[in-house]
Amino acid sequence: MIRYTLRELEVFAAIARLGSVSRAAEAVAMTQSAASQALAKLERALGQPLFDRCGRRLVLSAPGRQLWPRAQTLLDGAGQLQEALTSPAVSLRMGASTTIAGYLLPPLLAALRAAHPEARVQLLTGNTAEIIAAVVALELDFGLIEGACHHPDLEVSDWREDELIVIAPPGHPAAQGRARRALLAGAPWLLREPGSGTREEVERWLRAHVGAVRVDMELGNSEAIRRVVAAGLGLSCLSRHVVAEALAAGSVAQVRTDLPALSRPLRLIRHRDRAPTPGMQAFLALDGGG
């Protein structure tokens, strides 16, 4: 016999996500007293506390951490059932690192809309660390990232391969012939911010094949880096997807070297305890993924 309700699970999940009863009550349109009662009733039904009370803060207990993704899966299923009965629209909440969001996703989202004209898509764009945190917190159905992910709660699979190339302003000595390591080591570099998957890959490659370099600027956007390189302020290493149009227009130049080529897998991440949603399945079916 089931001893709890979806409403109680909804309150629990909101508290887990927001960290307080008052904020959760507002999110689920209840009074604070009613939300507290719903949580207490759920804890009694399960026979164990779902949060540790640390002063005014509520921190998920071990049973609470186990319940949260499973409760969210039940809530997702209930929401999908309601949508299926009232609307055939596909619903998708996804996150993507900035390069993926800006350059790889647009044609895929267009294909999704063509196949599912009423599709509703929520897209969170951020760096790899931000997307990982959002998937761990169950705020997204899945994420597409450029960097590594070792979080124990997440399932990681390769999605696509991405080539990274060194670029320089037109006429820069590094763009003439093949650039030697000493020239690369002495040049000013423009890199993404810490936490960016591109930054992690580029730094690893530079340390292995060039050594220490001078990082003159850190920018939180690959498009901004491309423009700053075009303005003559230094070298960078970005996805070929980001610089393809600039290379064709001649506003930046590719730096040729004798160093090993740099490529990286782009990865799909999702919570281990959360079943793939119909929206995620629809996206991956169009993309050819699984």
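User: Buried means under 20% relative accessible area, and exposed means over 50%. In this predicted model, does Arg 264 count as buried or exposed?

Analyst: Arg 264 belongs to strand β13, which covers residues 262-271. Its relative accessibility comes to 0%, and the cut-off for the buried class is anything under 20%. Arg 264 therefore counts as buried.

User: Which residue has a side chain joined to that of Arg 264 by a polar contact?

Analyst: The surroundings of Arg 264 include several charged side chains to consider, since the residues it touches, leaving aside those up to four places away in sequence, include Glu 146, Arg 160, Glu 161, Asp 162 and Glu 201. Thr 99, Leu 164, Gly 197, Thr 198 and Ser 239 are also among the residues that Arg 264 touches. The polar contact, with a length of 3.4 Å, joins the side chain of Arg 264 to that of Glu 146.

User: Does Arg 270 count as buried or exposed?

Analyst: Arg 270, too, is located in strand β13. Beyond four places in sequence, Arg 270 touches Val 135, Asp 141, Phe 142, Asp 153, Leu 154, Glu 155, Ala 275, Pro 276 and Met 280. With a relative accessibility of 16%, which has to be set against the cut-off of 20%, Arg 270 is classed as buried.

User: How far apart in space, C-alpha to C-alpha, are Arg 270 and Asp 287?

Analyst: Asp 287 is one of the buried residues of helix α11, which spans residues 278-287, and the others are Gly 279, Met 280, Ala 282, Phe 283 and Leu 284. The buried residues of α11 pack against β3, α5, β5, β6 and β13, and β13 is the strand that holds Arg 270. Arg 270 and Asp 287 are 17 residues apart in sequence, while their C-alpha atoms are separated in space by 16 Å.

User: Which element gives the most residues to the largest nonpolar core?

Analyst: The largest nonpolar core has 25 residues, and those with the most contacts inside it are Phe 12, Ile 15, Leu 50, Phe 51 and Trp 68. At least two of its residues come from each of α1 (6-18), α2 (21-27), α3 (32-46), β2 (57-60) and α4 (62-86). The element that gives the most, with seven residues, is α1.

User: How many residues are in the other core, which lies apart from this one?

Analyst: This second core, which is set apart from the largest one, has Met 94, Ile 100, Trp 159 and Phe 283 among its members. Phe 283 also appears among the buried residues of helix α11. The number of residues in this other core is 20.

User: At roughly what angle do the axes of α1 and α3 cross?

Analyst: Two packed helices are described by the angle and the distance between their axes. For α1 and α3, the axes come within 9 Å, and the contact is made by Glu 8, Leu 9, Val 11, Phe 12 and Ile 15 of α1 with Ala 35, Ala 38, Leu 39, Lys 41 and Leu 42 of α3. By type, these residues divide into eight nonpolar, no polar and two charged. The two helices are therefore roughly perpendicular, with axes that cross at roughly 105 degrees.

User: How far apart in space, C-alpha to C-alpha, are Ala 96 and Leu 144?

Analyst: Ala 96, in strand β3, is buried with a relative accessible area of 0%. Leu 144 is one of the residues that Ala 96 touches, and Ala 101, Leu 105, Leu 123, Leu 124, Thr 125, Gly 126 and Ile 131 are also on that list. Although Ala 96 and Leu 144 are 48 residues apart in sequence, the distance between their C-alpha atoms is 4.6 Å.

User: Ala 29 has a positive phi although it is not a glycine; does it count as buried or exposed?

Analyst: Ala 29, with a phi of about 60 degrees, is found in the loop between α2 and α3. Its relative accessible area is 69%, and the exposed class begins over 50%. Ala 29 is therefore exposed.

User: Leu 138 has a positive phi as well; what is its relative accessibility?

Analyst: Leu 138, whose phi is near 65 degrees, is found in the loop between α6 and β5. Leu 138 counts as buried, because its relative accessibility is 3%.

Conventions
Residues are numbered from 1 along each chain as its sequence is written. This is a predicted model: local features need pLDDT of at least 70, side-chain atom pairs count only at pLDDT 80 or more; totals for chains, interfaces and linings use all residues. Side-chain values use heavy atoms; hydrogens and water are left out. A nonpolar core is a set of buried Ala, Val, Leu, Ile, Met, Phe, Trp, Tyr and Cys residues joined through side-chain atoms within 4.5 Å. Buried means under 20% relative accessible area, exposed over 50%, partly exposed in between (1.4 Å probe, protein chains only). Helices (H or I, at least four residues) and strands (E, at least two) are DSSP runs, numbered from the N terminus. Axes are lines fitted to C-alpha atoms, for helices over the stretch in contact, and angles run from 0 to 180 degrees between N-to-C directions. Angles under 35 degrees count as roughly parallel, over 145 as roughly antiparallel, 65 to 115 as roughly perpendicular and the rest as oblique. Contact means heavy atoms within 4.5 Å. Ala, Val, Leu, Ile, Met, Phe, Trp, Tyr, Cys and Pro count as nonpolar, Asp, Glu, Lys and Arg as charged, and the others, Gly among them, as polar. A polar contact is a pair of N or O atoms within 3.5 Å; within protein, one must be able to donate a hydrogen and the other to accept it, and residues adjacent in sequence count only if both atoms are side-chain atoms.
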